[in-house]
Amino acid sequence: MNKLDHVVGEEKSVDRLYHFIDGARSEGKNERYGYVYNPSTGEETAVCPYATAEEVDVAVEAAEQAFKRWKSTPVAKRVEILFEFKSLLVKATEELAVMIGQENGKTITDAKGEISRAIEAVDFAMNAPHLLKGEHSSDVGGDINAFSIKQPLGVVTCIAPFNFPVMVPVAMSTMALACGNSVILKPSERVPNSALFISELWKKAGLPAGVWSVVNGDKEAVDALITHPNVMAVSFVGSTKVAEAIYEKASRHHKRVAAFGGGKNHMIIMPDADIDFAVTSFIGAAYGAASQRCMALSVAMPVGEKTAKVFVEKLKRRVEELKVGSYDDEEADFGPVITQQAKDQVLKSIEGSLREGAKLCVDGRDPDVGRTTNGYYLGATLLDRVTPDMEIYREEVFGPARIVVHVNSLDEAINLVNEHEYGNGVTIFTQSGPAARKFTEEIEVGMVGVNVPIPIPVGYHNFGGWKRSKFGESHMFGPDTVRFFTKIKTVSERWPESKGNNDVAFDFPSNRN
Ligand code: NAD
């Protein structure tokens with residue numbers, strides 16, 4: 001009996017999870033493990049094995065073997081499997097949304113929204129035959145034709161966060177598969193069920209064994225993956241601190257790395273904005289998913305005291321009406337946060353800001369959830385008169401505490417956003433074309449909205465922040481994903497009709513003759 005048998009033996013009610021390696025469930029050695037919780041109840045629901053470096057080796061070896069065949073499978077055939085995966089994902093939406101709710105805490109409708117965004121990423125990856133086309137030039141000189149081809153990298157790893165258990169893993173990995181790579185996903189240890197569920201869908205869709213694997217675990221598994229000599233690229237999504245560490249370590253091991261981190265997303269409200277529209281837009285984008293989105297609005301920044309007064313009065317009334325509840329509570333606007341530790345961290349941020357002089361407009365610290373529960377609930381909190389020197393302004397708060405910072409001009413707003421360490425998303429609400437144009441030109445942020453509260457690009461545009469919201473030169477979603485997951489080979493080709501010229505040439509080749 002290994003260590004995990006012993007744990008599950010004691011607690012029969014929890015599921016025992018596994019890795020998914022070489023097309024099959026793998027219990028692994030189970031020397032290390034962790035619990036999965038239902039954030040709506042605080043109950044342990046599963047025990048999950050954490051992979052050791054040796055187990056990662058096994059997964060990489062299987063992925064390498066599979067790559068040899070997958071890379072030369074015609075792209076049209078690869079896309080057929082993606083098509084089948086998409087239809088299975090569509091059919092499984094209800095079941096998967098419940099699973100996401102149970103392990104992540106987000107409401108079922110929000111979970112369905114995330115699945116539809118995942119499907120969008122699969123749709124885009126089906127364009128692989130077109131996107132993988134290279135360039136061609138005829139007769140560049142001396143009867144030579146030049147062309148480029150995009151070849152897959154090999155085994156690549158995707159390391160995912162807890163807040164989008166399906167959308168992020170699917171968005172990170174599907175184009176990698178379509179391009180002919182083998183993928184090893186390391187999902188967040190908080191939400192491993194969704195990743196294992198997706199694995200079964202890939203298998204049913206006909207993806208050959210080893211092309212897709214899931215290795216569960218924590219830092220130990222991640223370190224083994226990102227330093228493994230046969231892993232060629234690392235796509236990471238998570239907090240900035242970890243993104244930076246992964247970028248540095250994986251780069252030192254000569255991997256291609258794209259590491260997406262956290263954000264602090266501002267909404268600028270100009271004096272000419274439609275204030276009711278701005279308030280409604282802020283509410284959903286700021287508090288949806290208990291504010292656990294990298295693109296959630298964190299800061300409302302009304303320009304001018306008059307704008308601030310009207311905006312805050314209206315916003316306060318709406319925030320007071322928001323309801324937190326269990327993932328399956330149809331009346332809930334959002335669910336709990338992911339862990340007790342996350343809840344404590346948000347409470348600490350609120351309390352710190354109050355000590356620093358912020359004004360508590362709406363207090364969600366002790367919400368009434370209508371039943372006895374050990375879930376990690378926090379109601380919607382709104383803090384006014386936050387200033388840029390306060391910690392709550394500088395840090396990413398991953399929970400439903402949102403802030404208002406007053407400014408006197410658009411220039412002041414732009415300067416503050418540009419000085420902030422994060423540069424993921426930002427938006428301006430205005431009816432002025434010139435103000436919007438100045439804003440979109442001057443702002444130092446990767447994803448910008450104009451009267452759009454969450455400016456997440458659609459699946460066929462590039463997604464990615466600036467500054468400390470992203471490390472590395474690639475994007476997620478969009479055409480840049482193809483560049484990230486392929487390497488370009490340029491071929492110069494000549495087929496002379498007669499024997500070639502046998503004169504030795506020492507000059508640097510010229511294309512003029
Ligand atoms: P996290 O950084 O704690 O974990 C992300 C992944 O890294 C997990 O798989 C985890 O197991 C692993 N990990 C954690 N600590 C590690 C360490 N020390 N060494 C190696 N691996 C480690 O992030 P999270 O709490 O799961 O997710 C929330 C964060 O992700 C937020 O900051 C959010 O803004 C960010 N996020 C960013 C984007 C984006 O596209 N920019 C999207 C979603 C989430």
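Trainee: Leaving aside neighbours within four places in sequence, which residues is Ser213 in contact with?

Mentor: In this predicted model, and with those sequence neighbours set aside, the residues in contact with Ser213 are Phe20, Ile21, Asp22, Val183, Ile184 and Leu185. Ser213 itself belongs to strand β10, which covers residues 212-214.

Trainee: Why is Ser213 called buried?

Mentor: The relative accessible area of Ser213 is 0%, and a residue counts as buried when that value is under 20%, so Ser213 is classed as buried.

Trainee: Asp22 is among the contacts of Ser213; what makes Asp22 partly exposed?

Mentor: Asp22, which sits in the loop between β2 (19-21) and β3 (24-26), has a relative accessible area of 43%. Buried requires a value under 20% and exposed a value over 50%, and because 43% falls in between, Asp22 is partly exposed.

Trainee: What is notable about the phi of Asp22, and where else does that feature appear?

Mentor: Asp22 is not a glycine, yet its phi is positive, at about 55°, and Ala290, also not a glycine, has a positive phi of about 55°. The reason to remark on this is that most residues other than glycine have a negative phi. Ala290 lies in the loop between α11 and β14 (297-302), and because its relative accessible area of 1% is under the 20% cut-off, Ala290 is buried.

Trainee: Why are helices α11 and α12 called oblique?

Mentor: Helix α11 (residues 275-287) and helix α12 (residues 305-320) pack at an angle of about 50°, and their axes are 10 Å apart. Roughly parallel would need an angle under 35 degrees, roughly perpendicular one of 65 to 115, and roughly antiparallel one over 145; because about 50° meets none of these conditions, α11 is oblique to α12. The crossing in which α11 passes α12 is right-handed.

Trainee: Which residues make that contact between α11 and α12, and how do they divide by class?

Mentor: From α11 the contact takes Ile275, Asp276, Ala278, Val279, Thr280, Phe282, Ile283 and Tyr287, and from α12 it takes Thr307, Val310, Phe311, Lys314, Leu315, Arg318 and Val319. By class there are 10 nonpolar, two polar and three charged residues in the contact of α11 with α12.

Trainee: The whole structure contains 10 aromatic pairs; what kind of pair do the rings of Phe282 and Phe311 form, and why?

Mentor: Their ring centres are 6.2 Å apart, which is within the 6.5 Å that a pair allows, and their planes stand at 80°, which is over the 60 degrees that an edge-to-face arrangement requires; the pair is therefore edge-to-face. It joins distant parts of the chain, since Phe282 of helix α11 and Phe311 of helix α12 are 29 residues apart. Phe282 is buried at a relative accessible area of 0%, and Phe311 is likewise buried at 0%.

Trainee: What makes Phe484 and Phe485 an edge-to-face pair?

Mentor: The distance from centre to centre is 4.9 Å and the angle between the planes is 80°, so the distance satisfies the 6.5 Å limit and the angle is over 60 degrees. Phe484 counts as buried at 6% relative accessibility, as does Phe485 at 2%.

Trainee: Helices α4 and α5 are at roughly 120°; why are they classed as they are?

Mentor: Helix α4 (residues 93-104) and helix α5 (residues 108-125) have axes that come within 8 Å and cross at roughly 120°. That angle lies outside the perpendicular range of 65 to 115 and is not over 145, and therefore α4 and α5 are oblique to each other. The passage of α4 across α5 is right-handed.

Trainee: Why does Met270 count as buried, given that its relative accessibility is not zero but 11%?

Mentor: The criterion is a value under 20%, which 11% satisfies, so Met270 counts as buried. Met270 lies in the loop between β13 (265-269) and α11, and, neighbours within four places in sequence aside, its contacts include Val303, Thr307, Leu410 and Phe429. From C-alpha to C-alpha, Met270 and Ser409 are 8.6 Å apart in space, although 139 residues separate them in sequence.

Conventions
Residues numbered from 1 in each chain as written. Predicted model: local features only at pLDDT ≥ 70, side-chain atom pairs only at ≥ 80, totals over all residues. Heavy atoms only, no water. Axes fitted to C-alpha atoms, helices over the stretch in contact; angles between N-to-C directions. Helix = DSSP H or I, 4+ residues; strand = E, 2+ residues; numbered from the N terminus. Left-handed = near helix turned anticlockwise from the far one by under 90°. Contact = heavy atoms within 4.5 Å. Nonpolar A, V, L, I, M, F, W, Y, C, P; charged D, E, K, R; others polar. Phe/Tyr/Trp six-rings, centres within 6.5 Å; stacked < 30°, edge-to-face > 60°. Buried < 20%, exposed > 50% of the residue type's maximum accessible area, 1.4 Å probe, protein only.
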